[in-house]
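Biologist: I'm new to this one, so could you walk me through it and tell me how each label is earned?

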Amino acid sequence: MAVSIGRCLAADACLLILALTFHHSNADNIVASTEEAPHRRFEYKYSFKGPHLSQTDGIIPFWVHSGNAIPSADQVRITPSLRSQKGSVWAKNTVNFDHWEAEVTFRVSGRGRMGADGLAIWFTTAQGLDGPVYGAADNWNGIGIFFDSFDNDGKKNNPAVLVVGNNGKLVYDHPNDGTTQALGTCLRDFRNKPYPVRAKITYYKKTLTVLINNGFTPDKEDYEFCTKVDNMIIPQEGYFGISAATGGLADDHDVLSFLTFRLSEPGQELPAPEAEMPKEEQDKYQEEFENFQQELDKKKEDYQKEHPEVQREPIEDMYESVNDREIHQVFEGQNQIHLEIKQLHRQLAMILDEQNRYVSVVTDELSKRQVELVGQHQLCSTDIRDTVFFLLRNSFHESLKQIGATQHQANPVSMGTYKTVQHFSEIQEHLHVVKRNIEHLITRNGSPSENQGEKCPDSPKMPSCLGTIHFLVFVVIQSVLFFSYIVYKSQQEAAAKKFF
């Protein structure tokens with residue numbers, strides 16, 4: 001009994017210790033998460049990115065390249081995929097702020113399963129334009145973040161990311177891939193990825209943090225933790241740089257962007273960009289501006305002396321203002337619409353003339369049929385109706401062809417106006433008049449009961465025609481199509497008026 005009580009007390013004590021430990025760790029995490037993030041300010045003099053990365057002469061603004069580096073409009077190829085190549089890109093200006101963050105977007109690609117040698121991001125007191133350490137100088141004073149793609153020591157621990165510091169006296173350990181000198185490392189495969197690889201390097205409050213985006217997704221903020229170095233002391237001033245090298249194996253090392261941000265603690269005010277410029281440089285620029293202003297004033301006075309007739313006219317009146325230009329563009333657009341409407345009116349007039357011609361042909365044919373009916377007294381009303389239907393069908397086909405041609409020639413913006421609707425209504429009225437004349441003619445020929453005793457002669461073979469029901473269905477469909485066309489073009493006109 002005493003043993004069981006002792007075991008219970010020991011178990012309770014263990015649970016209490018675990019609970020306190022868990023509570024303490026959660027409290028630390030909450031405090032760390034509630035810490036405010038530093039403020040960032042973009043520094044363009046220490047950055048580059050596309051699409052206008054280099055100038056026409058191949059120079060990157062505020063940067064210098066050396067070796068086999070090839071700048072282009074959207075990227076810098078530090079080294080091509082050739083053997084024994086070296087290249088580097090370095091900032092011209094020194095960084096003199098305490099906390100910073102660098103976001104580097106690059107792509108390492110090659111044909112083989114293995115590549116070499118790798119790429120390095122630098123912050124050093126001097127520009128290492130050429131050397132044996134990934135294309136940069138050895139014995140550097142500062143820090144280097146290495147993306148090593150070749151396994152020199154044969155331990156199968158590459159590709160890898162290493163953070164190596166140097167005070168200017170150490171020689172880089174190539175045979176061991178720098179693992180004996182690394183302050184932090186992580187294994188990341190950065191070769192031949194579907195999307196560019198991104199590295200975010202942050203130095204804030206003497207802590208260096210490296211985050212990696214492996215390039216598997218297009219999400220630019222999909223970073224993973226790589227390594228972290230605490231209590232790290234780096235030089236107060238230095239140059240940013242990026243270099244690469246190839247050996248017996250070769251990869252293309254392309255840098256798409258290098259973005260630098262100055263970090264400051266929350267509540268701390270950063271100095272204005274003008275205040276960071278040396279006073280001597282400010283005085284120089286101010287003197288150049290004053291000289292230019294004086295030269296401009298002198299040229300204005302000389303021009304006014306040579307042209308006294310325009311002396312009282314403001315120079316601004318000689319140029320077109322933004323409002324005048326917009327009004328001019330509106331007038332030009334309306335004039336174009338007016339011309340298109342006139343062209344459409346001419347096309348519709350041609351259609352109406354063609355329609356009137358077909359109506360006259362139908363009327364003449366009906367008159368001829370009436371004369372033949374009086375002379376022979378044996379022509380059935382069915383023959384007349386079939387003939388009229390045949391002619392009307394041809395008339396409808398020709399009208400549809402003319403309307404289709406007008407739709408292709410006319411401007412869609414100018415369709416749907418009041419005149420267009422009026423002309424289509426007139427066409428529809430003509431069709432109704434023809435229909436009423438046909439029905440009146442059939443009625444005059446007598447009812448079927450009166451003609452039952454008469455036997456009509458066999459009519460000559462004619463092309464198959466539409467029946468009465470088919471004709472009425474065709475007229476209804478035609479009317480629906482006309483109405484839908486008018487509504488559609490009216491909506492287009494209303495949408496086009498939004499721009500005016």
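Biologist: What makes the contact between Asp251 and Arg191 a salt bridge?

Modeller: This is a predicted model, and in it the N and O atoms of Asp251 and Arg191 are 2.8 Å apart. The rule asks for a side-chain nitrogen of Lys or Arg within 4 Å of a carboxyl oxygen of Asp or Glu, so the pair qualifies. Asp251 sits in the loop between β15 and β16, Arg191 in the loop between β11 and β12, and 60 residues separate the two. Both Asp251 and Arg191 are buried.

Biologist: How many salt bridges does a search of the whole structure find?

Modeller: The search turns up 13. One of them is formed by Glu103 and Lys200, at 3.9 Å from N to O. That value is within 4 Å, so the name salt bridge applies here too. The pair ties strand β7, home of Glu103, to strand β12, home of Lys200, across 97 residues.

Biologist: Why is Glu103 called buried?

Modeller: Buried means under 20% relative accessible area. Glu103 comes out at 15%, so the label is buried.

Biologist: And how do you know whether Lys200 is buried or exposed?

Modeller: The reasoning runs along the same cut-off: Lys200 has 13%, which is under 20%, so Lys200 is buried.

Biologist: Which residues are joined with Glu103 and Lys200 into one network?

Modeller: Arg40, Glu101 and Glu221 are joined with them, through salt bridges that share partners.

Biologist: What about Glu224 and Arg188, what makes that a salt bridge?

Modeller: Their closest N and O atoms are 3.8 Å apart, which is within 4 Å, so the pair counts. Glu224 belongs to strand β14, while Arg188 lies in the loop between β11 and β12, 36 residues away in the chain. Glu224 has a relative accessible area of 36%, between the 20% and 50% cut-offs, so partly exposed is the right term.

Biologist: Strand β14 again! Where does Lys228 sit, and why is Lys228 called partly exposed?

Modeller: Lys228 is in strand β14 as well. At 47%, Lys228 is not under 20% and not over 50%, so partly exposed fits. Lys228 and Ile201 are 27 residues apart in sequence, with their C-alpha atoms 9.8 Å apart in space.

Biologist: How do you know that Cys186 and Cys226 form a disulfide?

Modeller: Their sulfur atoms are 1.8 Å apart, and the limit is 2.5 Å, so the two cysteines count as a disulfide. The structure holds one disulfide. Cys186 is in strand β11 and Cys226 in strand β14, with their positions 40 residues apart. Both Cys186 and Cys226 are buried.

Biologist: Why is that disulfide of Cys186 and Cys226 called left-handed?

Modeller: The torsion about the S-S bond is about -85°, so the disulfide is left-handed.

Biologist: Now the surface. Which residues form the negative patch?

Modeller: Asp297, Glu301, Asp302 and Glu306 do. Asp297 is found in helix α3. Patch members need over 30% relative accessible area, and Asp297 has 33%, so Asp297 clears that bar.

Biologist: And what makes Leu481 exposed?

Modeller: Exposed means over 50%, and Leu481 has 52%, so Leu481 counts as exposed. Leu481 is in helix α7. Leu481 also joins Ile469, Val473 and Ile477 in a nonpolar surface patch, with about 400 Å² of accessible area together.

Terms used
Residues are numbered from 1 along each chain as its sequence is written. This is a predicted model: local features need pLDDT of at least 70, side-chain atom pairs count only at pLDDT 80 or more; totals for chains, interfaces and linings use all residues. Side-chain values use heavy atoms; hydrogens and water are left out. Helices (H or I, at least four residues) and strands (E, at least two) are DSSP runs, numbered from the N terminus. Buried means under 20% relative accessible area, exposed over 50%, partly exposed in between (1.4 Å probe, protein chains only). Patches are made of residues with over 30% relative accessible area and no salt bridge: like charges are joined within 9 Å, nonpolar side chains (Val, Leu, Ile, Met, Phe, Trp, Tyr) within 5 Å. Accessible areas come from the Shrake-Rupley method with a 1.4 Å probe; for residues, only the protein chains shown count as cover. Lys and Arg count as positive and Asp and Glu as negative; His and the chain ends are not counted. The place of a charge is taken as NZ of Lys, CZ of Arg, CG of Asp or CD of Glu.
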